[in-house]
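I opened the model today to look up a few helix contacts and one loop residue. My notes follow.

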Amino acid sequence: MMCWAAMTSSSILWIIVPLLASLVKCQRQVVDLTHACSIDTLYWPGVPRFNFTILERREVDNHWLESNWFSTSEHGGTHLDAPSHFYRGHPRVHQIPPERLVGPGVVIDITSQAASNPDYQVQLSDITAWELAHGRIPLGSVVMMNSNWGSRYPNRSLVFNTNTTEDPSTFRYPGWHVATVNWLATNRQVIIIGVDTPSTDFGRTPNFAVHQTLGRHNVSGLENIANLDKLPPRGMTVFVGVAKILDGSGGPARVFAMMDEPKTPCSCPRTQQPRFRQERRPRPIQSGSSRNLQLTYIGFVGLLVLYNVQF
C-alpha cells in the first residue's frame with residue numbers, strides 16, 4: 001500500500017486514461033429489432049388499427065406533464081404469438097416463463113431465395129448449410145429468418161405483396177416450412193421462431209401449419225422483426241419484452257439483440273497494462289455482466305486516486 005501511496009499524479013493518469021479508453025471500446029452493441037407502434041402499424045385484415053390519443057401534454061404546477069391512451073391488437077407490428085394462439089390449452093402469453101423470452105440469437109439469411117421466390121419457405125437444407133458454416137445451433141435459441149422483407153415495412157402493399165391487402169388469399173411473402181420448424185423444436189429445443197414478415201407461415205399458407213406446430217411444441221412465434229440485416233448470423237443474445245397480458249394469445253413486444261462480448265481482451269495494449277491489473281485479472285464474465293465489471297474498475301481507480309490524494 002505504501003508503494004501505491006507514493007504514486008504521482010502523472011502515474012495515476014497513466015492508469016486512468018487507457019482504462020477509460022478500454023471501457024469505451026468494451027461497450028457492447030445493442031440492436032433494436034422493433035418497429036414502433038403507430039398509426040402505420042400493420043395488422044391482419046379485419047383487425048382494428050392502432051389508436052393513440054393524447055390526454056395530457058402541458059405545463060402543470062411548474063412542471064411538464066405528458067400522458068397518453070392507446071389501444072392495439074395483440075397481433076400487430078412487432079409482436080409475439082403465444083403457443084395458445086393456434087393450440088388450445090397451451091400457454092397463454094402471461095404463462096410464458098421469462099427464461100423462454102431470452103436466448104442466443106440465430107439469423108438464417110434467405111434474402112436471395114426470397115428475392116427470386118416470394119413464396120419461399122425456410123428448408124432443412126438452409127439449416128444444414130447454416131450449421132456447416134457457423135456451428136451447431138445452441139439449444140434454447142431464438143432463430144430468426146431474414147428475408148429482407150423488413151425493408152418493406154410499413155408499406156402495406158409491399159409487405160403483403162399484393163394490391164388487395166384486405167384479401168389474405170392474395171398474400172405472397174416468405175416464411176418457415178413446417179418440417180423445418182418441427183425439426184428445430186425437436187432437435188434444437190428452440191424457444192422462439194421469428195420472421196421479418198407478417199407471419200411465421202408463408203403468405204399462401206392454406207392452414208397455418210407452422211403456427212399449429214409452434215403451438216404444439218410450446219414454441220412462441222415472433223413476427224414483423226426489424227433490422228435483421230444489422231445482425232450477424234450468430235454471436236448475440238435476443239431479448240423479447242412482450243407485454244404480459246393476462247390470458248392473452250400474444251402481445252406487442254420490444255425486441256432487441258445484445259452482441260456477445262469479444263473473445264479477445266479489449267483493454268489497452270499489453271505493454272501499457274499496469275502490473276497489478278495483469279496479476280489480478282478478473283475471471284471471465286458471463287453475458288450481461290460487462291457493466292458490473294466496468295463499475296468495479298471505475299470504483300477501484302477512484303479509490304486509488306483518493307488514496308493518493310490523502311497521502
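**Helix H7**

I started with H7, residues 209–216, and looked for its buried positions. They are Val210, His211, Thr213, Leu214 and Gly215. I kept in mind that this is a predicted model.

Next I asked what covers the buried residues of H7. The cover includes helix H6 and four strands that I noted by number: E4 (79–81), E8 (175–176), E9 (192–195) and E10 (220–223).

I then stepped past the end of the helix. Just after H7, Asn218 takes a positive phi of about 60 degrees.

**H6 against H7**

Two packed helices are described by the angle between their axes and the distance between the axes. I looked up both values for this pair. H6 and H7 pack at an angle of about 15 degrees, and their axes lie 9 Å apart. An angle under 35 degrees counts as roughly parallel, so I entered H6 and H7 as roughly parallel to each other. Their crossing is right-handed.

Which residues make the contact? From H6 I listed Val178, Val181 and Asn182. From H7 I listed Ala209, Val210, Thr213, Leu214 and Arg216. By type, the residues of this contact divide into five nonpolar, two polar and one charged. Val210, Thr213 and Leu214 of H7 also appear in my list of buried residues.

**H4 against H6**

H6, residues 178–187, also packs with H4, residues 124–134. I found an angle of about 45 degrees here, with the axes 8 Å apart. That angle makes H4 oblique to H6.

I wrote down the residues that meet. H4 brings Leu124, Ile127 and Glu131. H6 brings Ala179, Thr180, Trp183 and Leu184. I sorted the residues of this contact too: five are nonpolar, one is polar and one is charged.

The spacing of such contacts made me recall the helix repeat. An α-helix has 3.6 residues a turn, so residues three or four places apart point the same way.

**Ser73**

My last stop was a loop. Ser73 is found between strand E3 (63–71) and E4. Is Ser73 buried or exposed? Its relative accessibility is 18%, and the cut-off for buried is under 20%, so Ser73 counts as buried.

I checked where its side chain goes. The side chain of Ser73 reaches the backbone nitrogen of His75 at 3.1 Å. Leaving out residues up to four places away in sequence, I found that Ser73 touches Tyr43, Val47 and Pro252.

Notes: Residues numbered from 1 in each chain as written. Predicted model: local features only at pLDDT ≥ 70, side-chain atom pairs only at ≥ 80, totals over all residues. Heavy atoms only, no water. Axes fitted to C-alpha atoms, helices over the stretch in contact; angles between N-to-C directions. Helix = DSSP H or I, 4+ residues; strand = E, 2+ residues; numbered from the N terminus. Parallel < 35°, antiparallel > 145°, perpendicular 65-115°, else oblique. Contact = heavy atoms within 4.5 Å. Nonpolar A, V, L, I, M, F, W, Y, C, P; charged D, E, K, R; others polar. Buried < 20%, exposed > 50% of the residue type's maximum accessible area, 1.4 Å probe, protein only. Left-handed = near helix turned anticlockwise from the far one by under 90°. Polar contact = N/O pair within 3.5 Å; in protein donor to acceptor, adjacent residues only side chain to side chain.
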